[in-house]
Amino acid sequence: MQLRIPGPTPLPDEVLDAMHRPMISHREGEFRAMLFDITEHLKRSFQTEGDVLVFPGVGTGGMEAAIANLFSPGDRVICASAGAFGDRFGEIASRFGLDIVYVRSRWGEAIDLQALEVSLEVMGKVAGVLLTHNETSTGVQHDIEAASRLVRGSGNPDALVVVDAISSMGAVDIPVDRWEIDVAITASQKAWMAPPGLTMLSVSERAWAATERATLPHYYWDFQVARRFARRGETPYTPAVGLLFGLQASLHMLAGEGLARVFARHTELRDRVRQLARRAGLVPLASDEIASRTVTALRVPEGMRARQVTELMRERGVIVAGGQGALEDAIIRIGHMGFVSPADIDVTMLALAQVTAELSMSDGRELVPSTAGAA
Ligand code: PMP
């Protein structure tokens, strides 16, 4: 089976083997050495001299943790969104009682930097800007470097830049310190070649200062407590020991390959997907300049439904994702992050070409949208 969804992603044997071992005490030397080693490797991938914290939890938990640690009720926060995950970030913040101003763009397009710039000037005091680096619902990679620069050059230079990099960190060059990102969030089941269940976040000095002022309640997700324990190689509560075995193995593999090579590989995979898709007559949702390096959304040809395509691909042993929200039946999404080779892409795209050819050659009966099971 080819698992080509945008997470969870396939696991290399090295990672599976590393997890196949007995538990260890999380209050002893072996565990401490492992957590220090994992943290050092993560800091290299995030390209930060600051702290990187690891919590048991999924990416959404990491997003919630960032909000709960950095802000206070009523804080004004801008959320730049052009997709399901951008909207989710804003939704989490508004549940916590923040005053959210959305800067929205159409799904499939880039975030609106001009509108962000104007908002930063006219909104008065802004405590933070919520950004999505890689919008997994549309296959768009947003220019968070430019967005961060706009924040620093605005009348709100100290606004916290909080980035959901869940589906790109580890696969894509995101120099957290150089781009002055205050908190960047990722999750183990994406580019990290590990199972779901860990969320990893970088925290800048500006963000640490914000945690001193922030009054939103949190207990499990307390960054300050996590940092205090991390300094001695421990976590406040029971860590996900088995997952950490796996993550350590995958980080060693990534280090062996070299960051530059990992980033280049993902760019090559993206280009290969888009080239083969176009050859099969399929049109990517995102334009080339803003195309994601880890997930590609393709419009399904006129007259076909995404669900037909994904079901027929499954019959050929390739699992891809459909769309989300309004795009549910209009696009399919192909994950190409983590443990993926050009050969995997070729198998996937061959199956896609065969399925779409088959559907377009059919006499049309299968193409008539059936009402049964329709959303
Ligand atoms: N943000 C982005 C950009 C994502 O791709 C995902 C997962 N698809 C999430 C947030 C949520 O992550 P999780 O499912 O681990 O909570």
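Start by selecting helix α11, residues 306–315: in this predicted model, α11 lies across β14 and β15 and runs at about 40° to β15. Keep β15 on screen and add helix α12, residues 342–361. Helix α12 packs on the sheet, where it touches β12 and β15, and its direction makes about 165° with that of β15.

Now show the sheet itself. Which order do its strands follow? Reading across, you will find β11-β12-β15-β14, an open sheet of four strands with antiparallel pairing. The edge strands are β11 (283–284) and β14 (321–322), each of which pairs on one side only.

Zoom in on β12 (residues 295–299) and β15 (residues 331–335), an antiparallel pair held over five bridges. To see one partnership, pick threonine 296 and look across to isoleucine 334, its bridge partner in β15.

Next stop: helix α7, residues 205–213. Begin where the helix starts, with serine 204: one of its side-chain oxygens comes to within 3.3 Å of the backbone nitrogen of arginine 206.

Then colour the helix by burial. Which residues of α7 are buried? Select Ala207, Trp208, Ala210 and Thr211. Looking down the axis of α7, you will see that these buried residues fall within an arc of 160°, so they line one face of the helix. Turn to the other side of α7 and you meet Glu205, Glu212 and Arg213, which are exposed.

Finally, bring in the surroundings of that buried face. Among the elements covering the buried residues of α7 are the strands β2 (51–56), β8 (160–164), β9 (183–187) and β10 (198–203), along with the helices α3 (59–70) and α8 (223–230).

Conventions:
Residues are numbered from 1 along each chain as its sequence is written. This is a predicted model: local features need pLDDT of at least 70, side-chain atom pairs count only at pLDDT 80 or more; totals for chains, interfaces and linings use all residues. Side-chain values use heavy atoms; hydrogens and water are left out. Buried means under 20% relative accessible area, exposed over 50%, partly exposed in between (1.4 Å probe, protein chains only). Helices (H or I, at least four residues) and strands (E, at least two) are DSSP runs, numbered from the N terminus. The arc is that of the directions from the helix axis to the C-beta atoms. Contact means heavy atoms within 4.5 Å. A polar contact is a pair of N or O atoms within 3.5 Å; within protein, one must be able to donate a hydrogen and the other to accept it, and residues adjacent in sequence count only if both atoms are side-chain atoms. Two strands pair if DSSP finds at least two bridges between them. Axes are lines fitted to C-alpha atoms, for helices over the stretch in contact, and angles run from 0 to 180 degrees between N-to-C directions.
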